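Here is a short tour of one protein model, written for someone who likes to see the cut-offs behind each term. Have the sequence and the 3D view at hand as you read.

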Amino acid sequence: MSDWYDDDSFWETFQNYMFDPPRLGLAVAEVDQMIVLLGLKSGGAVLDLCCGIGRHSIELGRRGYKVTGVDRTLPYLDQARASASKENLKIEFVLSDMREFSRAGNFDAALNFFTAFGYFENPADDARVARNLLESLKPGGRLIVDMNGKEIMARKFRERDWDKRDDGTIVLEERRVLDGWKRVESRWTWIRGSERRSSTLVVRLYSGVELESLLREVGFREVGLYGSLSATPYDQNAERLVAVASK
């Protein structure tokens with residue numbers, strides 16, 4: 001039985017749920033903030049690891065950065081390539097598992113966004129991803145990792161939520177905490193009329209201190225934790241866990 005993240009039908013079924021128009025519309029402001037946090041200079045080389053349909057890769061490409069987007073989902077990469085082609089943007093999109101992709105000393109900055117970290121049953125695989133990111137950066141390069149931190153999940157945890165879209169689609173999320181807050185299991189159910197599809201996701205949770213420790217253990221020399229891309233404190237009011245790490 002394959003892992004949930006290797007199931008193309010999951011990414012196809014829930015694409016419009018994860019990447020709806022409001023979320024896609026945030027890309028411009030998010031890239032504005034990333035550029036500041038990363039200290040990106042014009043024309044720098046950027047790695048977008050787990051780039052999905054390319055919402056950040058495309059926006060970075062529009063601004064003249066040399067972008068490489070990496071993802072394991074071919075249909076998403078095909079959409080990203082088509083979007084780049086429409087705008088005559090020269091962006092490289094690579095089909096690869098995040099545990100395998102590494103280009104030594106190639107990038108000025110890297111990003112791993114929207115809780116695209118902690119997918120694997122073995123935590124050593126998360127360390128492998130972090131090490132690949134470190135190795136792919138030039139000396140002094142910076143990384144942003146963005147996720148739902150453990151503290152935030154505990155604060156706002158709900159066993160179930162549902163969302164109804166304009167086209168009548170309903171998505172139900174049912175959650176349970178596993179292994180003493182080490183992981184969270186989420187069952188997503190897509191419903192439209194009599195049609196129903198379900199997938200179960202399991203993601204490892206990281207507190208701020210756990211994520212910082214992991215990044216330092218693999219070799220990042222400085223790690224800052226923030227509660228948003230606008231560099232607010234990672235405290236009881238945090239929206240997200242945003243780690244900025246320097247090689």
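## Nonpolar cores

Which residues touch the most other members of the largest nonpolar core? They are Y119, L211, L215 and F220, in a core of 51 residues. A nonpolar core here is a set of buried Ala, Val, Leu, Ile, Met, Phe, Trp, Tyr and Cys residues joined through side-chain atoms within 4.5 Å. Buried means under 20% relative accessible area, exposed over 50%, and partly exposed in between, with a 1.4 Å probe and protein chains only. Helix α7 (residues 123–136) gives the most to this core, with 5 residues. Helices (H or I, at least four residues) and strands (E, at least two) are DSSP runs, numbered from the N terminus.

Take L215 as one place to zoom in: setting aside residues up to four places away in sequence, L215 touches A130, L143, F220, V223, A243 and A245. Contact means heavy atoms within 4.5 Å. Another core lies apart from the largest one; this other core has 25 residues, among them M34, V67, A109 and F113. As background, nonpolar side chains tend to be buried together in soluble globular proteins.

## How the model is read

Please keep in mind that this is a predicted model: local features need pLDDT of at least 70, side-chain atom pairs count only at pLDDT 80 or more, and totals for chains, interfaces and linings use all residues. Residues are numbered from 1 along each chain as its sequence is written, and side-chain values use heavy atoms, with hydrogens and water left out.

## The four-stranded sheet

An open sheet is formed by 4 strands in the order β6-β7-β8-β9, with antiparallel pairing. Two strands pair if DSSP finds at least two bridges between them. The edges belong to β6 (160–164) and β9 (195–204); each has a single partner strand, so one side of each is left without a neighbour in the sheet. On average, neighbouring strands of this sheet are turned by 15 degrees against each other, direction ignored; the axes are lines fitted to C-alpha atoms, for helices over the stretch in contact, and angles run from 0 to 180 degrees between N-to-C directions.

At one edge, β6 is hardly covered, and the count of buried residues among its 5 residues is 0. Strand β7 (residues 170–178) is joined to β6 by 5 bridges in the antiparallel sense, and D163 stands opposite V171 in β7. The hairpin of β6 and β7 has 5 residues between the strands, and G168 takes a positive phi near 95 degrees there. Towards the other edge, strand β8 (residues 183–192) and β9 pair antiparallel over 10 bridges, with V203 in β9 as the bridge partner of V184.

## T13 and its partners

T13 sits in helix α1 (residues 8–13) and counts as buried, at 13% relative accessibility. Beyond its neighbours within four places in sequence, T13 is in contact with W190 and R197. The side chain of T13 makes a polar contact with the side chain of R197 at 3.4 Å; such a contact is a pair of N or O atoms within 3.5 Å, where within protein one must be able to donate a hydrogen and the other to accept it, and residues adjacent in sequence count only if both atoms are side-chain atoms. A polar atom of the T13 side chain also lies 2.8 Å from the backbone oxygen of S9.

## A parallel pair and two cysteines

Strand β1 (residues 45–49) and β2 run parallel, joined by 5 bridges, and L49 has V70 in β2 as its bridge partner. Strand β2 (residues 66–71) is largely enclosed by the rest of the structure, because 5 of its 6 residues are buried.

The structure holds 0 disulfides, a disulfide being a pair of cysteine sulfur atoms within 2.5 Å. Why is C51 not bonded to C50? The sulfur of C51 is 8.0 Å from that of C50, its closest cysteine sulfur, which is too far for a bond. C51 is buried, with a relative accessible area of 7%.
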